[in-house]
Amino acid sequence: MNFEEFKNCGLRRSLDILSGKWKPLILQNLFEEEQVRFVELWRKMPRVSKKVLSEQLKQMEENHMIQRIEVYNFPPEVYYKLTDKARKLGPILDQLHQWGNDLDS
């Protein structure tokens, strides 16, 4: 595989989108609930700063993996939910989860 083929490789592009320490856990939490408020998501994440979580969410939004929903109440609320594109990952993430558990066997 040459560099041009590598640059356009689907696996490389997929891993670029999913890479990030917190992205798999963000996806897991969003698969559990239809939509999650930023603060609720942050509370579920172990030892992640709000800044880092916000950056990861912004990257995922730019890659059309999640949708950011703003509700203009007082105080304002921000929700996140998976896009259809991200929902297609469900079976793949389940298989990765199972594969990781099987490593101990």
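This dialogue goes through some backbone and side-chain features of a predicted model.

Student: What makes Arg-47 exposed?

Tutor: The relative accessible area of Arg-47 is 80%, and exposed means over 50%, so Arg-47 is called exposed. Arg-47 is placed in the loop between helix 4 (38-44) and helix 5 (50-62), and although Arg-47 is not a glycine, its phi is positive, at about 55°.

Student: Why is His-64 called exposed?

Tutor: With a relative accessible area of 53%, set against a cut-off of over 50%, His-64 also counts as exposed. His-64 belongs to the loop between helix 5 and strand 2, and it has a positive phi of about 60° while not being a glycine.

Student: What is the charged end of Lys-50 doing at the ring of Trp-42, and why is it said to sit over that ring?

Tutor: The charged end of Lys-50 lies 4.6 Å from the centre of the Trp-42 ring, and the distance part of the definition asks for NZ of Lys within 6 Å of the ring centre, so that part is met. The definition also asks for a position within 35 degrees of the ring normal, and the charged end of Lys-50 is listed as sitting over the ring of Trp-42.

Student: How many aromatic pairs does a search of the whole structure find?

Tutor: The search finds 0 aromatic pairs, where a pair would need ring centres within 6.5 Å.

Student: Which peptide bond is cis, and where does its proline lie?

Tutor: The bond from Phe-74 to Pro-75 is cis, with omega near -5°, and Pro-75 lies in the loop between strand 2 (66-71) and strand 3 (77-82).

Definitions and conventions:
Residues numbered from 1 in each chain as written. Predicted model: local features only at pLDDT ≥ 70, side-chain atom pairs only at ≥ 80, totals over all residues. Heavy atoms only, no water. Helix = DSSP H or I, 4+ residues; strand = E, 2+ residues; numbered from the N terminus. Buried < 20%, exposed > 50% of the residue type's maximum accessible area, 1.4 Å probe, protein only. Phe/Tyr/Trp six-rings, centres within 6.5 Å; stacked < 30°, edge-to-face > 60°.
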